[in-house]
Amino acid sequence: MYKRLQLTLFTVFFILFSIQTDRIVRRTTALAQSKVVPAPEDILGFHPGDDRKLASWAKVVEYFQKLAAASDRVKFEEIGKSTMGAPFVYATISTPENLRRLSEYKEIQRQLADPRLLGSPKNPALADRRARDLIARGKTIVAITCGIHSTEVGSYLSSMLIAYRLASSNEPEIQDVLRNTIVLLVPSTNPDGVDIVNNWYQKTLGSPYEGTDPPELYHKYTGHDDNRDWYAFTQVETQLVVDKILNIWHPQIVHDIHQQGAFGSRLFLPPYMQPVEPNVPSQIVEGYTELGNYMAKEMRAAGFKGITTDSTYDAWSPSRAYSHYHGGVRILSETASCRLATPIIVKLDQLRPGEGYDPRKEGTNFGPVWPGGEWHIRDITNHMTTAAFFLLKHAAQNREHWLRRFYQIEKEAVRPRKPGDLFAIIIPEATHRADVLSIVYRAGVQVDNPLPFTADGVRYPDDTAVIRMNQPYASFAKTVLESQHYPDLRDASGRPIPPYDVTAHTLSLLMGIEPVFVRKPFQYQVPKPRGFAGCTGGGPVERTIGLYKSHVPAIDEGWTNWILQQGHPFYLRLHYSEIEDRQIRSGSIAKYDAIVIPDQPRNTILNGHRPGTMPPEYTGGLGEQGVKALREFVEEGGTLICLNRASDFAIEQFQLPLRDIVDGLPRTDFYVPGSILRVDLDTTNPIAAGMPKESIAWVENSPVFEIKSDPLALARVKIVAWYPKDTDPLLSGWLLGGDRIKGKAALVEVGLGRGRIILFGFRPQYRGQSLATYPLFFNGITQR
Ligand SMILES: [Zn+2]
């Protein structure tokens, strides 16, 4: 008995001791581990958010590598290279247990994202039952994307702070986030820009130019437009995020961290202001409203001031919101900027109203008022990291709710269509059909290539492409294939409220496709999938092109550079180089066959940066000397091509016999904030060779030409494209005062000496999307 008792006591003691030892071992391990998890300052040599401190991309990558090596909560990988060859990376952060089972969670996401895999819609009860089980087991997937706009430096710095806290903290709240979510953290979706901005900042630090933006685009080809590419996928960075993160993980939440100007709200959070693009599911609107309002409420409670919601930023376009068409909400945050990492002082009376709120007055969607004061990069990183952790808290605490909503969206997407609904979009043969189809494929849309079939009484041959609407991401296809009808939104005084970006995103028009929208049921047989042939080209042309590059970065220059770099199937051997003000001013441009001036305001082209605002080598534009050199270039037989606003520069500086009839008109009289208009073409002019008689034009801040009526002028000017005389020119987007431009010229060729100047009153190579009008541009630069 005693022995037994002794033994029992010993056993109890042993067990207790073992538990104790185990606890100690675990604590020591945790401690040792937390000791080796490096903080950002261990690698960078400063704390992210310190005044006047930025990091190079190599240091950011090094930090994440060391963090992942030390922490079993972080997985870090390179998924490709950026435009300029930098590593493109992201981190997956969750509990070690979750990280071991990533493939299982991907599979849960894949099935919830496509309820057809669960039996829906044939057996809805079974599908719902299976979905319930997946929802119970799944995690909220949260993608956090930083640094797409590289001068908005706070977010890539914050990415390291967010990762460090998730990797090192044992707070119950963080444990809850790790258990219930899988965080996909992209430290920068534009790694090249991190270095472009950091190098410029280091170069100018301590000089009078400290805190200025670099005199070049922070993404080689797209600059700020890198965040307008989420439905055309032209750039390698967009492709990497879509192919290797978003399409694999189908995140329920995409948190896109940005900065705005210094003199508005301190922070914007969703909901977005009107209008919402009609194909965005109501559950998405509900989701971003709920989460954005929650974050704003919690931040206000935590003492943050100057927060606005439902203002400035709209949800009109897939160009910034891929996830809105893929079952996830986009939570944009926009924190007020300082000057890169240099602090500023903002006074209350310097604050300026934004669209839908006034930062000096408390209102239903703004407040409490921020009284002004110093504004440091630390304020920015504090706003960003605090907002991100509230977002993660919501994602963790409402895990099932997020997954259920995600499933509901996709269940609705795959339901059988009823009479009156849109059943399918048929895409007949066209030159750029393969270009459009490759875009919708990339967005996860299934395209069928059936045997001959009949729909709406029309018999289609077997080379027809069909997109059925009862599939998960059909709304994406519908959005980019149909015309947009932007609402006529006015403020209290009747003035048009400008859209946040542009009003049209109709790839079918931009790429010359004529889709057929079928609203009745029909059947077809699908043989095994085949590819669709791409466009084929003619012979090579040897031409040397100069592309004007201002020190005031012009996004259209970047896009033109990209388009020339891609080449065109019709014109394979184009030699081109960028030419700056100095080279043109010195007159050494005779070797070029053609010079292109991309879209940029006329004064910027002429005057560039004002003296004193930038280091002297970057100030001044083409100036008088440059204008003289360009005139001589044309008079001696050269071709000068001016795109969009650059046309006004040419009209003024070369006294061309033309007038821009919409120049200086108030928005109430004429307004076209990024829309697709109809134009007629003179196809006998070589510039319009190979084009149809009716085409499109991307119009945004665009001149409209009228020829002066003297006979000399009429002899010098050839009109290549004009807005139709009797038809509404609007095809997609928003146009006010369209009557004014009916019958007026949109593209002209003006003789000067032995050469010519071609004026585009639109953007024929708009954001790498308007393939339908590329031939006008390429003909312009290649035909003599
Ligand atoms: Zn931004």
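Of the 784 residues in this protein, 58% count as buried. The model is a predicted one. The report starts with the overall form, then takes up the zinc site, the sheets, one helix and the backbone exceptions.

**Overall form**

The protein has 23 helices and 30 strands. A compact globule of 784 residues would have a radius of gyration near 28 Å, and the 29 Å found for the protein agrees with that. Along the principal axes, the C-alpha trace spans about 125 × 70 × 55 Å. About 31100 Å² of the protein is exposed, and carbon and sulfur atoms supply 52% of this area. When contacts between residues at least 6 apart in sequence are taken, 79% of them join residues at least 24 apart.

**The zinc site**

Which atoms hold the zinc ion? The ion is coordinated by ND1 of His149, by OE atoms of Glu152, which appears twice among the donors, and by ND1 of His258. The donor distances run from 2.1 to 2.4 Å. The angles among the four donor atoms range from 56 to 151°. Four donors count as tetrahedral if all angles lie between 85 and 135 degrees, and the site is classed as irregular. Water is not among the atoms, so sites may look incomplete.

In sequence, the donor residues follow the spacing H-x2-E-x105-H. Glu152 sits in the loop between β3 (140-145) and α7 (154-168), while His258 belongs to strand β5 (residues 253-260), so this pair ties together parts that are 106 residues apart in sequence. Are these two residues buried or exposed? Glu152 and His258 are both buried.

**The nine-stranded sheet**

The strand that carries His258 is also part of an open sheet. Nine strands form this sheet, in the order β1-β2-β4-β3-β5-β10-β6-β8-β12, with mixed pairing. Its edge strands are β1 (74-81) and β12 (366-367), each of which pairs on one side only. Strands of a sheet pair through backbone hydrogen bonds, either parallel or antiparallel. Within this sheet, β3 and β5 run parallel and are joined by four bridges. Ala143 stands opposite Val254 of β5.

**Pairing around β27**

Further along the chain, strand β27 (residues 717-722) runs antiparallel to strand β24 (residues 673-681), and two bridges join them. Here Leu681 stands opposite Ala721 of β27. Strand β27 also pairs with strand β29 (residues 745-752); this pair is antiparallel and has five bridges. Trp722 stands opposite Ala745 of β29.

**Helix α14**

Which residues of helix α14 (residues 433-442) are buried? They are Arg433, Ala434, Val436, Leu437, Ile439 and Val440. These buried residues pack against two strands and two helices: β14 (424-427), β17 (465-468), α15 (474-481) and α16 (507-510). Just after α14, Gly444 takes a positive phi of about 90°.

**Backbone exceptions**

Most residues other than glycine have a negative phi, and most peptide bonds are trans. The table lists residues and bonds that depart from this pattern.

| Residue or bond | Backbone value | Location |
|---|---|---|
| Ser120 to Pro121 | cis, omega near 0° | Pro121: loop between α5 (102-113) and α6 (124-137) |
| Gln274 to Pro275 | cis, omega about 0° | Pro275: strand β7 (residues 273-276) |
| Arg52 | positive phi, about 60° | loop between α2 (40-44) and α3 (57-70) |
| Asp310 | positive phi, about 50° | loop between β8 (307-309) and β9 (314-315) |

Each of the two cis bonds leads into a proline: Pro121 lies in a loop, whereas Pro275 lies in a strand. Arg52 and Asp310 have positive phi values although neither is a glycine. How accessible is Arg52? Arg52 is partly exposed, with a relative accessible area of 36%. Asp310 likewise counts as partly exposed, at 36% relative accessibility. The loop that holds Asp310 follows β8, a strand that also belongs to the nine-stranded sheet.

Methods
Residues are numbered from 1 along each chain as its sequence is written. This is a predicted model: local features need pLDDT of at least 70, side-chain atom pairs count only at pLDDT 80 or more; totals for chains, interfaces and linings use all residues. Side-chain values use heavy atoms; hydrogens and water are left out. Donors are N, O and S atoms within 2.8 Å of the metal (3.2 Å for Na, K and Ca); water is not among the atoms, so sites may look incomplete. Four donors count as tetrahedral if all angles lie between 85 and 135 degrees; four count as square planar and six as octahedral if opposite donors are over 155 degrees apart and all others between 65 and 115; anything else is irregular. Buried means under 20% relative accessible area, exposed over 50%, partly exposed in between (1.4 Å probe, protein chains only). The radius of gyration is taken over C-alpha atoms; the globule rule is 2.2 Å times the number of residues to the power 0.38. Contact means heavy atoms within 4.5 Å. Accessible areas come from the Shrake-Rupley method with a 1.4 Å probe; for residues, only the protein chains shown count as cover. Two strands pair if DSSP finds at least two bridges between them.
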